[in-house]
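Please walk through this fold one helix at a time. Keep the structure open as you read.

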Amino acid sequence: MMTNLFSVFDPSTSILNLALNWLSTFLGLFLIPMSYWLMPNRFQLIWNNILLTLHKEFKTLLGPSGHNGSTLMFISLFSLIMFNNFLGLFPYIFTSTSHLTLTLTLAFPLWLSFMLYGWINHTQHMFAHLVPQGTPPVLMPFMVCIETISNVIRPGTLAVRLTANMIAGHLLLTLLGNTGPVTTNYIILSVILTTQIALLVLESAVAIIQSYVFAVLSTLYSSEVN
């Protein structure tokens, strides 16, 4: 049962299908720019307003050191993750964000670049960041260890948070989907169907929230090294 349950996250055994599944991750890079060549519509105006709002928020989080190039990077990260989260909600479509292969690939290079930039260009600031202001001298060695560990596990927590949330929702949808066909009671079937629709709406919200959390935390990590 557990093998069948988790098989929904299996990309494929065929080399061609495996390649096509992972290439679907970048489908948004081809579809989103095409919309800008079309006549402006309601959805495009809503999307532009969302991007403008994210630009202002990320610029505020980055502070005086932030510029348009930095916000563009984090907005692109948000768009990529959100598109793949939504893509995985459709039947028979591979969910790439439910794999640490993708999420850790996004989180680790960002964290590593922030750390290298901070330690090379702002060494004293990075050392000072290891000891929070107002820490008693007795606790300073412990705080250095705690802050060091918290910095090291940041890419892992970013990746695992996104992956775990995607897996949890898809497992619930799979469980309800497997229970429905074998149910003969129409009352229970209607309850399962209603619950599955509610879960689908919840998963849509989770898809947006988790991509937003990933982008905001990456922005905060970037602002700490400046």
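The buried residues of helix α4 are Q44, W47, L51, L54, F58 and L62. Seen down the axis of α4, they fall within an arc of 85°, so they line one face of the helix. An α-helix has 3.6 residues a turn, so residues three or four places apart point the same way. On the other side of α4, R42, L45, K56 and T60 are exposed. This is a predicted model, and everything here should be read that way.

Now check the geometry of α4. The helix covers residues 42-62, which is 21 residues. At 1.5 Å a residue they should span 30 Å, and the end C-alpha atoms are 30 Å apart, which agrees. After α4 comes G63, and its phi is positive, near 80°.

Step back to the whole chain. The protein chain has 226 residues, and 36% of them count as buried. It has 10 helices and zero strands. From the N terminus on, the order of elements is therefore simply α-α-α-α-α-α-α-α-α-α, with helices counted as DSSP runs.

Next, the record. The UniProt entry, which is unreviewed, carries the annotation "transmembrane region" for residues 20-39, 72-94, 100-120 and 197-221. Two of these spans can be set against the model. Residues 72-94 are 70% helix and 0% strand. The end C-alpha atoms of that span lie 27 Å apart. Residues 100-120 are 100% helix and 0% strand. There the end C-alpha atoms are 29 Å apart.

The annotated span 100-120 leads to helix α6, which covers residues 100-121. Does the length of α6 agree with or differ from the expected span? The 22 residues of α6 should span 32 Å at 1.5 Å a residue, and the end C-alpha atoms are 31 Å apart, which agrees.

Look at which residues of α6 are covered. L102, T103, L106, A107, L110, W111, F114, M115 and G118 are buried. L102 serves as an example. Its relative accessible area is 12%, so it counts as buried, the cut-off being under 20%. L102 also has a distant partner in sequence: T163 is 61 residues away along the chain, yet the two C-alpha atoms are 9.1 Å apart in space.

Helix α6 also contributes to the surface. Which residues make the nonpolar surface patch? They are L100, L104, F108, L112, L116, I120 and V160, and the patch measures about 620 Å². Helix α6 gives the most to this patch, with six residues. L112 is one of the patch residues, and it is found in α6. At a relative accessible area of 35%, L112 is partly exposed. Another residue in α6 is P109. P109 is partly exposed too, with a relative accessible area of 43%. The C-alpha atoms of P109 and P155 are separated by 8.6 Å, although the two residues are 46 apart along the chain.

Turn to the charged contacts. How many salt bridges does a search of the whole structure find? It finds one. E224 forms a salt bridge with R154, and the closest N and O atoms are 2.9 Å apart. The pair links distant parts of the chain: E224 sits in helix α10 (residues 186-224), R154 in helix α9 (residues 154-179), and 70 residues separate them. Their exposure can be read off as well. E224 is partly exposed, with a relative accessible area of 25%. R154 counts as buried, at 12% relative accessibility.

Further contacts involve residues of these two helices. Start with T174, whose place is in helix α9. T174 is buried, with a relative accessible area of 15%. The C-alpha atoms of T174 and Q196 are 9.4 Å apart, with their positions 22 residues apart along the chain. Then take T195, found in helix α10. T195 counts as partly exposed, at 35% relative accessibility. T195 and L173 are 22 residues apart in sequence, and their C-alpha atoms are 9.2 Å apart in space.

Technical notes. Residues numbered from 1 in each chain as written. Predicted model: local features only at pLDDT ≥ 70, side-chain atom pairs only at ≥ 80, totals over all residues. Heavy atoms only, no water. UniProt positions renumbered as here; feature names shortened; annotations may be inferred. Helix = DSSP H or I, 4+ residues; strand = E, 2+ residues; numbered from the N terminus. Patch = residues over 30% accessible without salt bridge, like charges linked within 9 Å, V, L, I, M, F, W, Y side chains within 5 Å. Areas by Shrake-Rupley, 256 points an atom, 1.4 Å probe, with all protein chains shown as cover. Salt bridge = Lys/Arg side-chain N within 4 Å of Asp/Glu carboxyl O. Buried < 20%, exposed > 50% of the residue type's maximum accessible area, 1.4 Å probe, protein only. Expected span 1.5 Å × (residues − 1). Arc of directions from axis to C-beta.
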